[in-house]
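I opened the notebook to look through one structure, entry by entry. The notes follow the order in which I looked things up.

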Amino acid sequence: MAVKKSTAKSETAGTKSASVGKSEMSYTKAFSELQKIVEELENEEVEIDALVSRLQRAGVLLKICKSRLSATEAETEKLLAEIAE
């Protein structure tokens, strides 16, 4: 994987969003930010110095998305069970 050595956009995006915690972010926002990180990585727009922090942020965002999906699935199953009674 080739990585660009200079892109200010990548580093500022990582710092700005790193402060958003798990309980504060919606699935849509987390997924959108995750997509941006993936695009940056695919387009080799991430500074080598920011690579680890971007990957760490992607991990946090994945956990948020999984958590939101699991919660939605559980609630949906509960509601469907109530309707079926």
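In which helix is Arg57 found? I looked it up, and Arg57 is found in helix H3. I note at once that this is a predicted model.

**Entry: confidence**

I checked the scores before going further. The protein averages a pLDDT of 82. I find that 73% of the residues score at least 70. Residues 3-22 stay under 50 in pLDDT. For that stretch the model still has 37 contacts beyond four places in sequence. I leave those contacts alone, because predicted coordinates should not be read in detail where pLDDT is low.

**Entry: layout**

I counted 3 helices and 0 strands in the protein. From the N terminus on, the elements run α-α-α. Helix H2 covers residues 27-42, and helix H3 covers residues 51-84. I then looked at contacts between residues at least 6 apart in sequence, and 85% of them join residues at least 24 apart. Of the 85 residues in the protein, 24% are buried.

**Entry: Arg57**

Back to Arg57. Is Arg57 buried or exposed? Arg57 counts as buried because its relative accessible area is 4%, under the 20% cut-off. I looked for a partner and found Glu33. The side chains of Arg57 and Glu33 meet in a salt bridge, 2.8 Å from N to O. Arg57 lies in helix H3 and Glu33 in helix H2, so the salt bridge ties together parts that are 24 residues apart in sequence. Glu33 is buried, as is Arg57. I also logged the pair as a polar contact of 2.8 Å between the side chains.

**Entry: Arg54**

How many salt bridges does the structure hold? It holds 2, so I went to the pair of Arg54 and Glu40 as well. The side chains of Arg54 and Glu40 meet in a salt bridge, 3.2 Å from N to O. This pair links distant parts of the chain, with Arg54 in helix H3, Glu40 in helix H2, and their positions 14 residues apart in sequence. I find Arg54 buried, because its relative accessibility is 1%. Glu40 is buried too, because its relative accessible area is 5%. The Arg54 and Glu40 side chains also make a polar contact at 3.2 Å.

**Entry: nonpolar core**

Which residues make up the largest nonpolar core? I listed Met25, Ala30, Leu34, Ile37, Ala58, Leu61, Ile64 and Cys65, 8 residues in all. H2 and H3 each supply at least two residues of this core. The largest share, 4 residues, comes from H3. In soluble globular proteins, nonpolar side chains tend to be buried together.

I picked Ile37 from the core for a contact check. Leaving out residues up to four places away in sequence, Ile37 touches Arg54, Arg57, Ala58 and Leu61. Two of these contacts lead back to salt-bridge residues: Arg57 pairs with Glu33, and Arg54 pairs with Glu40. Ala58 and Leu61 belong to the largest nonpolar core, as does Ile37.

**Entry: aromatic pair**

How many aromatic pairs does the structure hold? I found 1. The rings of Tyr27 and Phe31 have their centres 5.8 Å apart and their planes at 10°, so I logged the pair as stacked. The cut-off for stacked is planes under 30 degrees apart. Tyr27 and Phe31 both lie in helix H2. They are 4 residues apart, about one turn of the helix.

I then checked accessibility. Tyr27 is partly exposed, because its relative accessible area is 29%. Phe31 also counts as partly exposed, at 36% relative accessibility.

**Entry: Glu44**

Where does Glu44 lie? Glu44 lies in the loop between H2 and H3. I checked its backbone and found a positive phi of about 55°, although Glu44 is not a glycine. Its relative accessible area is 35%, so I noted Glu44 as partly exposed.

**Entry: recap**

I close with the pairs that join H2 and H3. Arg57 in H3 meets Glu33 in H2, and Arg54 in H3 meets Glu40 in H2. The largest nonpolar core draws at least two residues from each of these helices. The stacked pair of Tyr27 and Phe31 sits within helix H2.

Technical notes. Residues are numbered from 1 along each chain as its sequence is written. This is a predicted model: local features need pLDDT of at least 70, side-chain atom pairs count only at pLDDT 80 or more; totals for chains, interfaces and linings use all residues. Side-chain values use heavy atoms; hydrogens and water are left out. pLDDT is the predictor's confidence in each residue, from 0 to 100. Contact means heavy atoms within 4.5 Å. A polar contact is a pair of N or O atoms within 3.5 Å; within protein, one must be able to donate a hydrogen and the other to accept it, and residues adjacent in sequence count only if both atoms are side-chain atoms. A salt bridge is a side-chain nitrogen of Lys or Arg within 4 Å of a carboxyl oxygen of Asp or Glu. Buried means under 20% relative accessible area, exposed over 50%, partly exposed in between (1.4 Å probe, protein chains only). A nonpolar core is a set of buried Ala, Val, Leu, Ile, Met, Phe, Trp, Tyr and Cys residues joined through side-chain atoms within 4.5 Å. Rings of Phe, Tyr and Trp (its six-membered ring) pair if their centres lie within 6.5 Å; planes under 30 degrees apart count as stacked, over 60 as edge-to-face and the rest as tilted.
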